[in-house]
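Here are a few exercises to work through with the model open in your viewer. Try each task before reading its solution.

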Amino acid sequence: MPLKLADAIAAPDVEERECLWTLNFGPQHPATHTTLRLVLNLDGEVILKATPDIGFLHSGFEKLGEHLDFNQYVTIVDRMNYISPVANEIAWHQTVESLLGIDLTPRCKMIRVIFAELMRIHDHLLCCGAAALDLGAFTAFLYAFNQRELINEINEWASGQRFHPSYTRVGGLQRDVDDAWIGKVRGFMDGFIAAHNDVTKLLNRNRIFLDRCRGVGVLTKEEAINRSATGPVARASGVQRDLRRLRPYLAYDAIDFDVVCAEEGDCLARYLVRMEEMLESWKIIHWAIENLPGGPVNSEIDGRMVLPNQLSVYRSIEGLIHHFELNMTNRKWKPPVEELYTATESPNGELGFHIVSDGGPCAWRVRTRPPSFIHFSLFPHLAEGHAVGDVAAILGSLNIIAAELDR
Amino acid sequence: MEVSLPEDGFLVTKLDEVANWCRKNSLWPMAFATACCGIEVMATGASRHDIARFGAEAFRFSPRQCDLMIVAGRVVMKMLPVLQRIWMQMPEPKWCISMGACASSGGVFDTYAVVQGIDRFLPVDVYIPGCPPRPEQLIQAVLDLQDKVQKTGTFNAREFKSRTRPEGPRPLAMQLDMADQMVAPANYRTATRSWSVVPEVGNHAGESGR
Amino acid sequence: MSEGTVAGHTLFSDPAVESIVSGLEKALGVPGGGLKRSSFRDNHRVWVEPARLASALKHLREAGMDLLIDLSAADYLGYQDAEHRYGVWYILENTSTGTRIMVRSWADDPSPCLPSAFDIWRGSDWMEREVYDLLGIQFTGHPDLRRILMPDEFAGHPLRKDYPLRGMGERHHFVPLARDES
């Protein structure tokens with residue numbers, strides 16, 4: 001039963017209450033999925049005050065970005081939101097390409113769209129499955145993970161790595177996809193709707209799941225905007241903001257899809273928005289795979305920006321020199337001395353990169369705008385007034401990824 | 001096995017074998033999952049790879065119930081005291097798998113915050129390379145560990161007595177003055193960080209071979 | 001790219017951004033074009049000095065820029081032609097029109113300090129704490145300015161340019177655990 005927020009807020013100050021419990025939650029706790037810590041001040045079972053403590057996975061991503069060049073840093077951003085790695089790569093290289101002034105080829109754009117949407121499904125499957133797992137519905141998690149394995153296979157076929165593909169490069173991709181890859185994507189698409197139905201059937205009428213999600217952790221539209229929420233969390237609260245529509249990037253302006261919104265702003269709405277978004281992503285991939293343009297994947301801007309393919313490195317002197325130029329520590333790219341912020345709609349929300357460039361091949365400063373970090377700052381606001389058991393529901397619905405949270 | 005010692009006699013060695021057989025087939029892992037590798041641990045437990053086939057599917061998140069710690073993901077300065085505390089809370093006999101490049105050596109994260117290999121501060125039995133390792137690799141590591149338990153284990157944990165120091169490389173000790181130490185070292189014994197407790201970090205750089 | 005000039009100052013190519021910035025100049029009481037501005041790709045920036053930053057942000061909030069997308073900073077120690085050591089940016093968006101604008105400000109050693117935007121956008125809470133933690137810029141008026149990512153006892157600010165990538169050796173200072181004692 002959700003408790004009324006007003007009752008808890010009207011209660012006397014936290015310090016004045018007697019019989020106050022302090023509960024330490026994390027940093028190693030199954031419901032946190034990864035590493036974060038909460039200090040909960042409880043009155044009985046009601047949370048009066050929640051104090052998050054983060055930084056248990058702070059590994060200096062942004063400092064590393066000042067020492068690695070634009071192609072090398074892609075391996076690091078991969079590990080940022082590790083349940084949708086290619087989405088991070090696309091966001092990073094979009095900023096770099098925008099800084100360098102590179103236009104992508106139509107084929108590259110469409111492949112990136114397919115990957116971005118596959119990653120959205122990838123992310124939402126884990127988020128919904130794990131949220132259900134925390135609330136006691138184990139089976140949905142297994143169904144979700146089975147589909148994730150298929151997406152991992154697609155990653156592996158395209159790039160050679162199943163988990164962290166590092167697939168994008170400045171101005172293009174690591175390599176082109178082949179027909180077998182398209183076949184794999186089609187195969188995944190054919191089975192996905194049935195799997196989505198299975199998860200829906202397991203959860204949408206699951207009484208326990210519904211009771212533990214409905215009315216829990218309500219975020220109003222005003223608060224969502226005031227507290228900088230983006231992505232599914234904001235859309236579940238009625239903020240109709242989707243960067244794919246607002247500032248179309250890649251090939252999204254040509255694609256027809258709906259922006260999924262809900263009004264309630266509770267954990268159930270966030271879960272439902274994610275489930276619906278997977279179907280929209282399915283529609284986008286379906287359209288994109290049928291309309292995949294031919295041609296090269298790497299753009300040919302004055303031959304100095306994009307890595308040449310293997311054949312031309314081995315067989316022509318121009319390719320060899322070109323490859324050498326892009327890999328010598330004192331050559332590489334010469335971006336303008338400027339600063340740039342661009343963002344993409346990652347599965348979790350607005351994922352943006354801010355590059356401060358000093359004209360060298362490594363950025364002077366790389367700032368990541370991490371959606372998980374900002375969504376976790378909502379947590380005390382959402383949790384206060386609810387019971388301890390609701391912490392798992394709220395954390396699961398916010399989809400906090402510790403590597404992105406702490407960077 | 002020395003036949004002359006009564007502890008290592010026929011009865012004892014047979015007892016060892018039975019105990020090892022029981023232990024190796026009922027490893028209860030505790031997934032100390034911090035980052036990407038944690039998702040692969042979940043994938044290993046999920047339907048496709050199904051670690052239950054090897055008797056190691058009983059994931060428990062309480063260290064008191066577990067005998068195998070899988071450190072999956074990088075461990076940073078803020079997390080290492082927690083890791084050591086959890087390791088101390090696990091009952092004997094216990095083993096540790098260092099999963100992935102980050103846990104084993106710091107991986108790509110050679111930065112100010114990341115511990116460059118947990119084996120500098122913890123005893124590790126099996127290392128898994130990869131970033132992240134495939135689920136098959138984790139399963140292979142569990143099999144290797146089962147092999148190790150069967151071959152070297154003793155029912156009263158005599159084998160641990162000879163291992164009096166961490167087996168990995170020692171910390172690359174930078175001899176810093178107190179004034180230069182920006183972080184007070186954390187101590188798992190007191191669960192505090194304080195300026196008064198300083199670990200004895202000798203200059204092991206020469207003997208570690210790194 | 002800026003295009004066209006009126007009375008000697010450049011205008012933003014985007015009329016919505018231009019009207020917001022000219023409204024801001026009016027509210028701050030500076031003449032038209034009094035605030036330094038620049039554009040690159042689709043980023044439109046306006047520089048506001050730290051003393052006027054609080055009132056500028058308040059005005060922008062009232063002018064409809066209700067979403068604080070990002071707040072962060074960079075250390076410009078040794079950057080070419082840099083006048084100030086720290087540059088801080090606020091990326092704001094109007095959620096009903098989609099207009100986006102970047103407000104830039106700066107801070108300097110020895111005690112870099114800026115007004116907090118906590119009362120204007122609650123979303124700035126953790127972002128300011130992060131900037132304080134990693135770069136050491138104080139935000140006056142923030143109710144709970146503590147370290148957020150680094151341990152509490154940590155003394156440095158790792159994203160400053162004078163802090164080395166591999167740290168000062170802190171990562172090696174822990175008690176090693178031997179197998180027989182654990």
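**Exercise 1: the fold of chain C**

In chain C, 52% of the contacts (heavy atoms within 4.5 Å) with a separation of 6 or more join residues 24 or more positions apart. This is a predicted model, where local features need pLDDT of at least 70, side-chain atom pairs count only at pLDDT 80 or more, and totals for chains, interfaces and linings use all residues. Residues are numbered from 1 along each chain as written, chains are lettered from A in the order written, and side-chain values use heavy atoms, with hydrogens and water left out.

Task: work out how many helices and strands chain C has.

Solution: start with DSSP runs (H or I of at least four residues for helices, E of at least two for strands). That gives 3 helices and 9 strands. Now read along the sequence: β-β-α-β-β-α-β-β-β-β-α-β.

**Exercise 2: the contact with chain A**

Task: find how much area is buried between chain C and chain A.

Solution: take the accessible area (1.4 Å probe) lost on putting the two together, summed over both. You get about 4,100 Å², 55% of it from carbon and sulfur atoms. On chain C's side, C:Tyr79, C:Trp126 and C:Leu149 supply 17% of the area buried, more than any other three residues.

Task: count the salt bridges across this interface.

Solution: look for a Lys or Arg side-chain nitrogen within 4 Å of an Asp or Glu carboxyl oxygen. The rule finds 9. One of them pairs A:Glu350 with C:Arg100 at 3.1 Å, N to O. As for elements, β5(C) brings 9 residues to the side touching chain A, the largest share.
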